[in-house]
Structures are given as C-alpha cells and as structure tokens.
Amino acid sequence: MPRKPPVVFPQEQRLLSALVERLRLARKRRKLSNAVVAQRAGISRTTLYKVEAGNPGATLGSYVRVMAVLGLEGDLNQLG
C-alpha cells in the first residue's frame with residue numbers, strides 16, 4: 001500500500017521550491033548532468049528528479065548528498 005505524501009503548507013512549499021531552484025542552478029553552473037550528480041551522490045536518477053522537483057517525499061539525506069556533490073554542504077551549517 002503506497003504511503004500518503006507528507007502535507008506541505010504553502011510557505012514551506014515556497015521555501016522548498018527556492019532550495020531546489022538553487023540546487024538546479026548550481027548543478028547547471030557546474031555543467032553536471034543529472035546522471036553524473038546522481039552517480040556521485042549515490043542515489044538513483046529518479047531520486048535526483050524528485051529532489052530537483054521539490055518532492056516532499058524525498059529524504060533529507062538525498063538533499064544532503066546532492067548538496068555535497070555540488071560543494072554546498074557548508075550551507076547546512078546555516079540551518080541551525
């Protein structure tokens with residue numbers, strides 16, 4: 001039985017959309033393909049698509065791995 005996706009409120013969705021847009025732009029600036037980022041992050045391309053689409057079902061670990069591949073893992077310190 002498939003799980004229900006988590007509820008995301010509009011303000012949270014805007015924050016998530018802004019994050020994934022920055023991740024997508026960072027990947028493109030580095031001229032990395034989806035396949036390369038997914039391989040380096042150790043995730044499937046489907047998971048990377050979910051991350052870049054802002055899918056709330058994507059795990060935080062997936063976001064962290066993508067950020068690490070893009071050299072943005074230092075930005076996580078700003079969250080706390």
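**Entry 1: the core**

I began with the largest nonpolar core, which has 17 residues. Leu23, Tyr63, Val66 and Leu70 are the residues with the most contacts inside it. I then looked up where this core comes from: α1, α2, α3 and α4 are the elements that give two or more residues to it. The most comes from α1, with four residues.

**Entry 2: confidence**

I noted that this is a predicted model, and I checked its confidence before going on. The chain has a mean pLDDT of 90, and 95% of its residues reach 70 or more. I also looked at the elements of the chain. Helix α2 (residues 34-41) has the highest mean pLDDT, 97, and helix α1 (residues 10-29) the lowest, 92.

**Entry 3: Tyr63**

I went back to two of the core residues, starting with Tyr63. Tyr63 is placed in helix α4. Is Tyr63 buried or exposed? Its relative accessibility is 6%, so I put it down as buried.

I listed its contacts, leaving aside neighbours within four places in sequence. Tyr63 is in contact with Leu16, Leu19, Val20 and Leu23, with Lys50 and Val51, and with Gly54, Asn55 and Ala58. I also took one distance along the chain: Tyr63 and Glu73 are ten residues apart in sequence, and their C-alpha atoms are 9.7 Å apart in space.

**Entry 4: Val66**

For Val66 I again left out neighbours within four places in sequence. Its contacts are Val37, Ala41, Ile43, Leu48 and Val51.

**Entry 5: α3 against α4**

Next I looked at pairs of helices. I kept in mind that two packed helices are described by the angle between their axes and the distance between the axes.

The axes of helix α3 (residues 45-53) and helix α4 (residues 60-69) cross at roughly 90° and come within 10 Å. I therefore recorded α3 and α4 as roughly perpendicular to each other. On the α3 side the contact is made by Thr47, Leu48, Lys50 and Val51, and on the α4 side by Ser62, Tyr63 and Val66. Sorted by class, the contact of α3 with α4 has four nonpolar residues, two polar and one charged.

**Entry 6: α1 against α3**

How are α1 and α3 set relative to each other? Their axes come within 7 Å and cross at roughly 120°. With that angle, α1 and α3 are therefore oblique to each other. The residues that meet are Val20, Leu23, Arg24 and Arg27 in α1 and Val51, Glu52 and Ala53 in α3. By class I found four nonpolar, no polar and three charged residues in the contact of α1 with α3.

**Entry 7: Glu52**

I followed up one residue of that contact, Glu52, which is found in helix α3. Glu52 has a relative accessible area of 8%, so I entered it as buried. What does Glu52 touch, not counting residues up to four places away in sequence? Glu52 touches Val20, Arg24, Arg27 and Asn34.

**Entry 8: the loop between α1 and α2**

I looked up two residues here. Arg30 has its place in the loop between α1 and α2, and Lys31 lies in that loop as well.

Arg30 is partly exposed, at a relative accessible area of 35%. Not counting residues up to four places away in sequence, Arg30 touches Leu70 and Leu72. The C-alpha atoms of Arg30 and Leu70 are separated by 7.9 Å, with their positions 40 residues apart along the chain.

Lys31 has a relative accessibility of 75%, so I counted it as exposed. I also noted its backbone: Lys31 is not a glycine, yet it has a positive phi of about 55°.

**Entry 9: Ala35 and Gly42**

Two further residues remained on my list. Ala35 is in helix α2 and is partly exposed, with a relative accessible area of 35%. I took the separation of the C-alpha atoms of Ala35 and Met67: 15 Å, for residues 32 apart along the chain.

Gly42 is in the loop between α2 and α3. At 53% relative accessibility, Gly42 counts as exposed. From Gly42 to Ser62, 20 residues apart along the chain, the C-alpha atoms are separated by 8.9 Å.

How values were computed. Residues are numbered from 1 along each chain as its sequence is written. This is a predicted model: local features need pLDDT of at least 70, side-chain atom pairs count only at pLDDT 80 or more; totals for chains, interfaces and linings use all residues. Side-chain values use heavy atoms; hydrogens and water are left out. Axes are lines fitted to C-alpha atoms, for helices over the stretch in contact, and angles run from 0 to 180 degrees between N-to-C directions. Angles under 35 degrees count as roughly parallel, over 145 as roughly antiparallel, 65 to 115 as roughly perpendicular and the rest as oblique. Contact means heavy atoms within 4.5 Å. Ala, Val, Leu, Ile, Met, Phe, Trp, Tyr, Cys and Pro count as nonpolar, Asp, Glu, Lys and Arg as charged, and the others, Gly among them, as polar. pLDDT is the predictor's confidence in each residue, from 0 to 100. Buried means under 20% relative accessible area, exposed over 50%, partly exposed in between (1.4 Å probe, protein chains only). A nonpolar core is a set of buried Ala, Val, Leu, Ile, Met, Phe, Trp, Tyr and Cys residues joined through side-chain atoms within 4.5 Å.
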